[in-house]
Amino acid sequence: MRVAMFSTKPYDRRSFEERNAPHGHEITYFEPRLSAQTASLADGFPAVCLFVNDEANAAAIARLAQGGTKLIALRCAGFNNVDLAAAEQHGIAVARVPAYSPHAVAEFTVGLMLSLVRNIHRAYQRTRDNNFALDGLLGFDLHGKTVGVVGTGKIGAIVARILLAGFGCRVLASDPYPDEALVALGVRYGEPRAVIAASDLVTLHCPLTPETHHLLDAAGFARMKRGAMVVNTSRGAILDAEAAIEALKSGQLGGLAIDVYEQEADLFFEDLSNEIIQDDTLQRLMMFPNVLVTGHQAFFTREALENIADTTLGNITAFARGEALENAVTAAGTRG
Ligand code: NAI
């Protein structure tokens, strides 16, 4: 099948080329992000392949439909960037990669936690300048601390297990569908507000939905324990970055590590080291010594890239053969 891939980076091209032989799809790699303006690049392609910051809004989808697109194959798990109702209206199927390596994201999350509570990111910079002083780097043990895991799906559940077994943390969790296996291991479920209020460290692993949008806003930060920390590897808009700045300034928020940012679409995945960044919020955040920002990197392991390519190519093959789409996403819900 002819596939137009948007937002292509060299590593996407490499992993898809390596795994495409059994599928034999004809993939054209485009660097621009999908938007209503760039959708015409896909004219004549029955399938498009999108990533997290491609903007498949109603206008872009209408333009894709005009060009003959029948399938949106997401090479990611989240699908908050696709207007599913518009896709359905235009008869465009949507498929995703429900799990490519939850371990990749979970392990990275724990890495961010450790860096945050032990100031590893600061030590790295200091020692490169031959500054071996410890003053200002005092951390705390994770052992015995209370960690709140918001969302215990594939990723959150692994984070919870690592924290329980590896560090001896007390784990609280919130999820509309509690995981009984975690309960058996000692995880205690509660309402998100109560979990956030009782935790020394909160880690976000729920999807971005109207309900979770700005779950951590000014009131949310105010409810936390003074000096508690937050890690977000889920989606940027679950956290209000402006409110985080105020909470960091007052000391209410003791540290923040984010791999995702609400306005990341124009920034992340690009080398902007020669540019003047116009986003004052992100720039302000990065000025805090107790803030750690990574550019949507949590998924980025060899294993994850292989799984992403295999599942995405498999989704396209199933669609081309007219088979039921195991990993379909519809306005009514998801399969797979
Ligand atoms: P999942 O679908 O397995 O788990 C999400 C869990 O959140 C589910 O158990 C669901 O019941 C729960 N949930 C839904 N609404 C909730 C709410 N209001 N409060 C608490 N829990 C709620 O998804 P998975 O694979 O664990 O991924 C989690 C999120 O991580 C994804 O939605 C995606 O946005 C993000 N992600 C980030 C990556 C990165 O590179 N930074 C890579 C992959 C995923």
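**Entry 1. Helices H10 and H11**

I began with the crossing of H10 and H11, which I recorded as left-handed. I note here that the model is a predicted one. The axes of these two helices come within 10 Å and cross at roughly 30°. Because of that angle, H10 counts as roughly parallel to H11. I then looked up which residues form the contact: H10 contributes Ala241, Glu242, Ile245, Leu248 and Lys249, and H11 contributes Thr281, Arg284 and Leu285.

**Entry 2. The two sides of H11**

Which residues of helix H11 are buried? In this helix, residues 280-287, I found Thr281, Leu282 and Leu285 to be buried. Viewed down the axis of H11, its buried residues fall within an arc of 95°, so they line one face of the helix. On the face turned away from the buried side of H11, I noted the exposed residues Asp280 and Met287. I also looked up the packing partners of the buried residues of H11, which are helix H10 (241-250), strand E11 (253-258) and strand E12 (291-293).

**Entry 3. Helix H2**

I turned next to helix H2, which spans residues 58-66, and listed Ala60, Ile61 and Leu64 as buried. They cover an arc of only 95° around the axis, and therefore lie on the same side of H2. What do the buried residues of H2 pack against? I recorded strand E3 (47-50), strand E4 (71-74) and helix H3 (84-89) as their partners. Glycine 68 follows H2, and I noted that its phi is positive, near 95°.

**Entry 4. Helices H1 and H12**

I examined a further helix pair, H1 (residues 10-19) and H12 (residues 302-320), whose axes come within 9 Å and cross at roughly 60°. That angle makes H1 oblique to H12. I recorded the crossing of H1 and H12 as right-handed. On the H1 side the residues in contact are Tyr11, Ser15, Phe16 and Arg19. They meet Leu305, Glu306, Ile308, Ala309, Asp310, Thr312 and Leu313 of H12.

**Entry 5. Cysteines**

How many disulfides are there? I counted zero disulfides, the cut-off being a pair of cysteine sulfur atoms within 2.5 Å. Cysteine 76 is in no disulfide, and I found its nearest cysteine sulfur, that of cysteine 49, to be 8.7 Å away. Cysteine 206 is likewise in no disulfide, since the nearest cysteine sulfur, that of cysteine 76, is 16 Å away and the cut-off is 2.5 Å. I looked up the accessibility of both residues. Cysteine 76 has 1% relative accessibility and so counts as buried. Cysteine 206, with a relative accessible area of 8%, is buried.

**Entry 6. Positive phi outside glycine**

I next looked up backbone angles. Most residues other than glycine have a negative phi. Serine 7 is not a glycine, yet I recorded a positive phi of about 55° for it. Serine 7 sits in the loop between strand E1 (2-5) and H1. Is serine 7 buried or exposed? I found serine 7 to be buried, with a relative accessible area of 14%.

Asparagine 130, also not a glycine, has a positive phi of about 55°. I located asparagine 130 in the loop between helix H5 (120-128) and strand E6 (146-150). Its relative accessible area is 61%, so asparagine 130 is exposed.

**Entry 7. Two prolines in loops**

Where is proline 22? I found proline 22 in the loop between H1 and strand E2 (26-29). Proline 22 has 72% relative accessibility and therefore counts as exposed. I also looked up its C-alpha separation from alanine 247, 225 residues apart along the chain, and recorded 52 Å.

Proline 210 lies in the loop between strand E9 (201-204) and helix H9 (218-223). I noted proline 210 as exposed, with a relative accessible area of 82%. Proline 210 and isoleucine 238 are 28 residues apart along the chain, and I recorded 9.4 Å between their C-alpha atoms.

Definitions and conventions. Residues are numbered from 1 along each chain as its sequence is written. This is a predicted model: local features need pLDDT of at least 70, side-chain atom pairs count only at pLDDT 80 or more; totals for chains, interfaces and linings use all residues. Side-chain values use heavy atoms; hydrogens and water are left out. Buried means under 20% relative accessible area, exposed over 50%, partly exposed in between (1.4 Å probe, protein chains only). Helices (H or I, at least four residues) and strands (E, at least two) are DSSP runs, numbered from the N terminus. The arc is that of the directions from the helix axis to the C-beta atoms. Contact means heavy atoms within 4.5 Å. Axes are lines fitted to C-alpha atoms, for helices over the stretch in contact, and angles run from 0 to 180 degrees between N-to-C directions. Angles under 35 degrees count as roughly parallel, over 145 as roughly antiparallel, 65 to 115 as roughly perpendicular and the rest as oblique. A crossing is left-handed if the near helix is turned anticlockwise from the far one by less than a right angle, and right-handed if clockwise.
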